[in-house]
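Me: I'd like to learn how to read a protein model from its computed features. Could you walk me through one, feature by feature?

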Amino acid sequence: MKKSVFIVLGVLACFAVFGCGQKSSQKTAAGKIFRIAAVDPQVPLDMQSHTYSIIMRITDNIGESLLTTLDDGSLKTVLLDSMPTLSADKKTYSFTLKSGVKFHNGETLTSTDVKYSLERLVKMQSMGSLLETVVGYEALQKGTAAELEGIKITDDTHFTITLSRVYTPFLSVLSTPYAVIYPAKACESAGENWGKTTLIGTGPFKLDSYTAGTGAELSKFADYHDGAAKIDKISYKFIEDTNTQVLEYQKGNIDFADLDNALYPVYSSNPALKDQIHSFQMAGGYFITCNVKTVNKKEVREALSLAIDRKAICESILHGTASVPNSFIPASIIGNDKNAAPYEYNPEKAKQLLAQAGYPSGYKLRVTINTKYHMSQTLATAIQEQAKAGGFDITVEPVDSAAWSDMKKHGGIDCSIANWYVDYNDPDSMLYPVSDARTDLTSSFWHNAQFKKLMDDGVQTDDTAKRQEIYQQAEHILTREEFADLPLINETKFYLLNPKVSGFAIGATNRIILESADIQ
């Protein structure tokens with residue numbers, strides 16, 4: 001559920017924009033303050049332990065990885081002096097850190113911090129399998145080793161990482177927010193308070209406070225290695241209801257708010273707001289994951305896919321703000337089959353398949369959703385009604401983020417609705433949540449030897465044509481042969497932004513670049 005959000009922001013519209021009662025976004029004695037409507041993560045602000053994109057709305061301003069991914073899929077150095085060099089066998093990368101980078105506590109970034117952070121990522125389990133190709137990963141992951149053997153420190157600014165096999169997207173993996181670099185001593189000392197009362201990074205903003213149910217406060221880091229930000233403070237206000245977020249924006253109490261797709265038709269026709277609504281297309285979408293231990297018949301999973309009228313959801317419920325996918329892999333990424341038809345809606349065929357599977361009277365299914373994602377609730381409600389015609393009696397089970405994480409890890413979900421967006425523009429990133437290393441952590445338990453081999457083959461070549469064939473075949477097995485995951489929609493994302501803000505952009509990986517933003 002990712003995904004990946006670097007935020008570049010500023011302050012909201014002044015009195016003239018909304019009329020009487022609007023609070024002006026003035027520069028206060030505390031400087032330029034940007035107010036963001038956000039959803040309360042309800043968990044520590046630590047992307048190495050939780051993968052929610054709502055966390056990244058805050059943490060991507062605080063912590064940084066060694067590199068970052070641009071919209072075209074290319075990489076840009078962040079904490080490195082230059083792009084790493086690669087050995088002749090394509091397994092060992094040599095890195096040089098940017099000199100003099102400071103953490104928010106005044107400590108200087110060193111190779112030791114990098115090694116500690118990447119090892120911590122593996123130990124935290126949540127996204128540690130991203131580093132499964134690093135020599136020593138399995139031993140550290142199982143607890144039989146205390147460190148990643150493949151990371152060797154030369155000195156404070158030089159280190160190498162050796163892989164057990166060729167893995168062409170490896171540098172892209174290091175650009176993800178999960179590979180954030182923390183100060184080793186401070187993180188270790190904070191223990192369970194890390195991400196709650198303490199979170200230290202190298203980013204343009206530092207965490208001042210994080211209060212459950214209220215919000216988070218950030219302030220400009222004067223010693224930021226790429227130059228101090230122009231905005232002085234960022235104030236995250238936790239507002240759960242999407243309608244309330246928009247109303248608070250209209251009142252002038254916040255400066256940025258996501259606009260739920262269901263609300264877009266209403267507010268896009270509002271003369272006072274329509275020019276302040278912006279959109280962007282993310283690489284990814286919403287899908288259903290089936291637990292193959294409990295929903296263990298392929299015919300049932302296929303029937304569920306056929307019982308969903310995706311076109312009606314996109315056109316009638318989401319008012320044209322989403323499209324029906326033809327693949328789990330988005331059209332902008334290698335592996336998407338351009339000739340594949342969108343997923344079919346055929347409730348009669350769904351009932352026939354259920355009968356063949358031994359359920360002529362229908363099938364009862366529990367669908368679990370995380371209440372922090374409003375789109376999941378919208379989709380679940382629609383599917384619950386639609387699937388009746390296909391023979392399904394669906395019970396929707398809404399749970400909070402903490403329960404969601406626990407249930408996934410312990411196999412407590414029969415069927416779930418979730419989303420995934422790439423952290424870098426590569427099919428390996430898109431298929432990561434369904435990879436062999438992840439399915440036991442997402443209550444899926446789907447393992448397929450042919451799929452696994454294709455995934456391995458795909459990351460050992462940089463030939464685009466070969467990768468297209470490999471991932472196209474892998475995706476077909478996933479969604480059209482085994483029906484382990486059922487793509488639902490590809491959505492367009494909308495947000496409201498104060499027109500006084502400049503330097504704002506959101507890319508395909510949903511990362512918002514913050515340090516260049518300013519307020520007029």
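Reply: What follows is a chat about empty spaces, salt bridges, one helix and a few single residues in this predicted model.

Me: Let's start with the empty spaces. How many cavities of 30 Å³ or more does a search of the whole structure find?

Reply: With a cavity, look at the count and the volume, then at what lines the space. Here the search of the whole structure turns up 6 cavities of 30 Å³ or more. The largest cavity has a volume of about 450 Å³. It is lined by 26 residues, and the closest to its centre are V39, I54, D258, Y373 and K493.

Me: Which elements give two or more residues to the lining of the largest cavity?

Reply: On the helix side they are α2 (53-59), α7 (242-251) and α12 (374-386), and on the strand side β1 (33-38), β11 (256-259), β17 (415-421) and β18 (485-497). Sorted by class, that lining has 12 nonpolar, 7 polar and 7 charged residues.

Me: And pockets? What volume does the second largest pocket have?

Reply: A pocket is read in a similar way, but it is open. The second largest pocket holds about 330 Å³ of space. Its lining counts 19 residues, with E132, S435, D436, A437 and D456 the closest to the centre. Helix α15 (residues 449-458) gives the most to this lining, namely 4 residues. By class, the lining splits into 9 nonpolar, 4 polar and 6 charged residues.

Me: Now salt bridges. How many are there?

Reply: The count comes to 19 salt bridges. For each pair, check the distance between the N and O atoms, then where the partners sit. Take K115 and E119: their closest N and O atoms are 2.8 Å apart.

Me: Why are K115 and E119 separated by about one helical turn?

Reply: First the general idea: an α-helix has 3.6 residues a turn, so residues three or four places apart point the same way. In this case K115 and E119 are about one helical turn apart because they sit 4 residues from each other in helix α3 (residues 111-123). Both partners are buried.

Me: Where does the pair D457 and K453 lie?

Reply: Both are in helix α15, again 4 residues apart, or about one turn of the helix. Their closest N and O atoms are 2.9 Å apart. D457 counts as partly exposed at 28% relative accessibility, while K453 is exposed, with a relative accessible area of 52%. On shared partners, salt bridges join K115, E119 and E147 into one network.

Me: What about E385 and K388: buried or exposed?

Reply: The cut-off for exposed is over 50% relative accessible area. E385 comes out at 52%, so it counts as exposed. K388 also has a relative accessible area of 52% and is therefore exposed. The closest N and O atoms of this salt bridge are 3.2 Å apart.

Me: How do I check a whole helix, say α12?

Reply: Compare its expected span with the distance between its ends. The 13 residues of α12 should span 18 Å at 1.5 Å a residue, and the end C-alpha atoms are 19 Å apart, which agrees. Next, see which residues are buried: in α12 they are M375, S376, L379, A380, A382, I383 and Q386. These buried residues pack against several elements, including α10 (310-317), β13 (284-290) and β15 (363-370).

Me: And single residues? Which residues does S129 touch, not counting those up to four places away in sequence?

Reply: For one residue, ask where it sits, whether it is buried and what it touches. S129 lies in the loop between α3 and α4 (137-142). Its relative accessible area is 6%, so S129 is buried. With those neighbours set aside, S129 touches Y137, Y432, A437 and R438.

Me: Last one: what should I make of phi values?

Reply: Look for positive values in residues other than glycine. K90 has a phi near 60 degrees and is not a glycine. K90 is in the loop between β4 (85-86) and β5 (92-96), and at 42% relative accessibility it counts as partly exposed. F483, also not a glycine, has a positive phi of about 55 degrees. F483 is found in the loop between α16 (464-481) and β18, and at 9% relative accessibility it counts as buried.

Methods
Residues are numbered from 1 along each chain as its sequence is written. This is a predicted model: local features need pLDDT of at least 70, side-chain atom pairs count only at pLDDT 80 or more; totals for chains, interfaces and linings use all residues. Side-chain values use heavy atoms; hydrogens and water are left out. On a 1 Å grid over the protein atoms alone, a cavity is a set of points where a 1.4 Å probe fits but cannot get out, and a pocket is an open set with protein on both sides within 12 Å along at least five of seven lines; lining residues have an atom within 4 Å of a point. Grid points are joined across faces, edges and corners, and a volume is the space filled by probe spheres set on the points. Ala, Val, Leu, Ile, Met, Phe, Trp, Tyr, Cys and Pro count as nonpolar, Asp, Glu, Lys and Arg as charged, and the others, Gly among them, as polar. A salt bridge is a side-chain nitrogen of Lys or Arg within 4 Å of a carboxyl oxygen of Asp or Glu. Buried means under 20% relative accessible area, exposed over 50%, partly exposed in between (1.4 Å probe, protein chains only). Contact means heavy atoms within 4.5 Å. The expected span of a helix is 1.5 Å times one less than its number of residues.
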